[in-house]
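Biologist: I am new to this model. Please take me through a few of its parts, one question at a time.

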Amino acid sequence: MNVKKVLGKFFLVLLMAIMIAGCSTNKNVSTKGNETSKASTEGKTLVIARLSDAENLDHQFMSTINAASVTHEKIYEGLVGRDKNSEIQPLLAEKWKQLDDTKWEFYLRKGVKFHDGSPFNAQAVKATFDRLLDPKVASPRAVVFKMVKEVKVVDDYTVQFILKEPFSPLLSILANHEGDIISPKAIEKYGKKIIQEPDGTGPFAFKSWTPGQEIVLVKNKNYWGTQPKIDKVVFKVVPEETTRVSMLETGEAQIAEPLSVEMIDTVEGSQASEVYRSEGYGTEYIGFNVKKKPFTDVRVRKAIAHAIEMDSIIKGVYNNVGKKANSLMGPKVLGYSPDLKAYDYNLNEAKKLLAEAGYPNGFETTLLTMDDKQRINLAEVVQSQLKGIGIKVKVQVMEYGTFVQQVNKGNSEMFILSWRNATGDADYNQYNLMHSASQGPAGNTFFYSNKQVDNLIDAARREKDEQKRIELYKEAQELEMKDAPYIPVRVIENVAAVAKNVSGFSISPSGYLEINDVTIK
């Protein structure tokens with residue numbers, strides 16, 4: 001009798017496993033679920049269960065690290081990259097030199113091919129940046145390279161970047177996803193439209209994208225560098241966190257990200273997975289659209305900053321994961337100032353400022369957030385705290401892609417957002433988030449404008465002396481804090497759940513998922 005019960009349980013578990021594999025199958029390819037399961041057993045497929053999909057796969061149109069993590073240094077590569085210590089290293093360029101204040105020369109790697117078989121050369125570099133900077137293409141990321149006057153082909157494997165003005169952090173932005181090189185064939189095929197099938201020189205090639213479900217990459221067997229140790233990567237969209245984590249337990253996935261603070265204890269107690277943590281460059285913050293009343297009044301913005309008790313948020317919402325921020329930059333970023341002071345918790349001052357602004361009884365507003373547990377928890381705490389000064393907050397939760405679109409368009413009053421800072425240089429943070437030229441999708445979703453701040457940011461871009469650059473950024477940030485277009489929350493800590501049979505995975509301080517060295521036992 002006991003034997004029959006054991007056998008019955010065995011067959012029930014077996015049946016459930018078959019059903020799970022069937023539920024994971026792509027509707028368009030009837031055998032994909034079985035292939036993925038088999039490959040995972042053999043250690044050849046890496047399945048990454050993610051909260052949300054990429055908004056697109058064209059890095060010249062991307063506005064998030066979430067999307068760039070799929071393509072950067074996997075499908076696409078740049079002239080330079082960063083090592084594990086965040087130091088600039090050769091990639092598609094073997095070496096380079098700065099000829100004068102406005103001219104940089106790069107000597108390209110030979111024998112490299114794009115995934116479509118066409119050769120990588122100086123003409124491909126020029127074609128990539130010509131497309132990025134073409135006003136008719138209207139790339140929202142063109143602003144990052146606005147200092148480039150011309151990309152000039154010297155010969156097949158030598159290219160020059162001729163700048164309009166000196167720009168010290170050029171290598172730092174060439175190392176992130178906006179600087180990645182695209183196949184000229186892909187540029188010719190898609191032109192001004194968003195590229196749907198990304199084609200680069202990287203260790204993985206694009207195979208398929210089922211929007212809202214999964215993105216599949218396969219090993220580039222003709223890769224010029226060190227071959228990846230896995231054959232396939234599946235970025236699977238799984239909005240429910242408990243499902244993402246349970247997929248590691250069943251072996252359906254090897255990485256689940258992001259991981260909320262609420263789930264850390266669960267993963268730490270698991271026999272199948274463990275918690276990955278690393279400090280990032282970026283921060284999370286509460287933003288104001290300064291063009292929308294009543295947030296056009298700096299006194300209103302300062303009042304809200306004084307009414308939010310951040311210490312309790314760091315402890316209660318984040319369980320002390322990530323440090324309390326004092327600006328839009330993390331301590332690891334070049335240009336970070338430890339001397340910058342955020343607004344202290346002071347309800348009396350908050351009420352006084354609101355009354356001076358003409359709102360003695362408060363007002364009603366909407367706070368937008370993406371569908372992430374921690375962000376929703378933060379929004380609800382802010383909602384509760386602002387009741388103390390008479391402000392009634394409606395929390396509006398949106399799907400990630402929709403949320404990004406609305407904030408980029410300025411369809412917001414207050415919002416919760418983060419900026420990962422892809423380069424580790426203050427310029428990427430300051431120019432994108434605070435410069436008047438970057439309003440909207442480029443990053444300045446506060447729609448903030450201060451000519452003095454613009455001038456300081458521009459001066460820092462031209463300055464070669466690193467210490468002088470740091471001082472310029474400090475001055476700019478002090479002015480920004482006085483204008484209060486944002487409230488800093490915390491320095492981002494990258495947190496993910498990783499199967500114990502996986503090694504070699506990391507998340508860069510910029511927030512890019514790094515999988516090229518992953519092995520699965």
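Biologist: Which helices and strands are included in what covers the buried residues of H8?

Modeller: This is a predicted model, in which local features need pLDDT of at least 70, side-chain atom pairs count only at pLDDT 80 or more, and totals for chains, interfaces and linings use all residues. Residues are numbered from 1 along each chain as its sequence is written, and side-chain values use heavy atoms, without hydrogens and water. Helices (H or I, at least four residues) and strands (E, at least two) are DSSP runs numbered from the N terminus. The cover of the buried residues of H8 includes helix H7 (241-250), strand S12 (273-288), helix H12 (373-386) and strand S16 (486-499).

Biologist: On how wide an arc do the buried residues of H8 lie?

Modeller: In helix H8 (residues 261-268), the buried residues (under 20% relative accessible area, 1.4 Å probe, protein chains only) are Val261, Met263, Ile264 and Val267. They are on the same side of H8 because the arc they cover around the axis, taken from the directions to the C-beta atoms, is only 140°.

Biologist: Is Leu174 buried or exposed?

Modeller: Leu174 is part of helix H5 (residues 170-174). Its relative accessibility is 0%, so Leu174 counts as buried.

Biologist: Which residues does Leu174 touch, not counting those up to four places away in sequence?

Modeller: A contact needs heavy atoms within 4.5 Å. With that sequence limit, the residues touching Leu174 are Gly78, Val80, Phe106, Phe129, Phe145, Phe161 and Gly179.

Biologist: How far apart in space are Leu174 and Leu79?

Modeller: In sequence, 95 residues separate Leu174 from Leu79. From C-alpha to C-alpha, the distance between Leu174 and Leu79 is 6.7 Å.

How values were computed
Buried means under 20% relative accessible area, exposed over 50%, partly exposed in between (1.4 Å probe, protein chains only).
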